Amino acid sequence: GGGFFDEVCAKYGEDMYPLFVEAFKVLSLAVVIRKEYFVVHGGLTRAKTTTLKFLQTIDHRACTHPTSEATSKEETNFC
């Protein structure tokens with residue numbers, strides 16, 4: 001538990017969370033501003049087995065949030 005999902009639910013209600021997920025699907029995962037600042041999303045999975053190689057294989061526009069029943073590495077990644 002914890003993290004972004006719980007924060008959204010506490011502040012805006014659970015019905016708002018899917019809207020955030022849809023917005024994240026169309027946003028870039030990273031951006032460079034004025035050739036000086038590299039900005040990335042700060043929230044990744046808590047799974048310690050996740051590798052950069054694995055993250056590069058994910059089509060982030062097709063991902064959804066993990067469920068509490070998630071058992072595989074693919075299911076535990078927030079996209």
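## Close-up views of a predicted protein model

The protein's accessible surface adds up to about 6,400 Å², and 59% of that belongs to carbon and sulfur atoms (areas come from the Shrake-Rupley method with a 1.4 Å probe, and for residues only the protein chains shown count as cover). This is a predicted model, where local features need pLDDT of at least 70 and side-chain atom pairs count only at pLDDT 80 or more, while totals for chains, interfaces and linings use all residues. Residues are numbered from 1 along each chain as its sequence is written, and side-chain values use heavy atoms, with hydrogens and water left out.

**View 1. The whole chain, from one end to the other.** Follow the sequence and you'll meet the pattern α-α-β-β-α. That's three helices and two strands (DSSP runs numbered from the N terminus: H or I with at least four residues for helices, E with at least two for strands). Of the 79 residues, 14% are buried (buried means under 20% relative accessible area, exposed over 50%, partly exposed in between, with a 1.4 Å probe and protein chains only). Among contacts with a separation of 6 or more, 36% join residues 24 or more positions apart (a contact means heavy atoms within 4.5 Å).

**View 2. A salt bridge on helix H1.** Here the side chains of Glu 7 and Lys 11 meet, 2.9 Å from N to O. A salt bridge needs a side-chain nitrogen of Lys or Arg within 4 Å of a carboxyl oxygen of Asp or Glu, and the count by this rule is one. Both residues sit in H1 (residues 4-12), four residues apart, or about one turn of the helix. Glu 7 is partly exposed at 41% relative accessibility, and Lys 11 is exposed at 55%.

**View 3. Where H1 packs on H2.** The axes of H1 and H2 (residues 17-26) are 9 Å apart, at an angle of about 130° (axes are lines fitted to C-alpha atoms, for helices over the stretch in contact, and angles run from 0 to 180 degrees between N-to-C directions). So H1 is oblique to H2 (under 35 degrees is roughly parallel, over 145 roughly antiparallel, 65 to 115 roughly perpendicular, and the rest oblique). H1 brings Phe 4, Phe 5, Val 8 and Tyr 12 to the contact, and H2 brings Tyr 17, Phe 20 and Phe 24. Seven of these residues are nonpolar, with no polar and no charged ones (Ala, Val, Leu, Ile, Met, Phe, Trp, Tyr, Cys and Pro count as nonpolar, Asp, Glu, Lys and Arg as charged, and the others, Gly among them, as polar).

**View 4. Val 21 in H2.** Helix H2 also holds Val 21, which is buried at 7% relative accessible area. Its C-alpha atom is 9.8 Å from that of Phe 5, 16 residues away along the chain.
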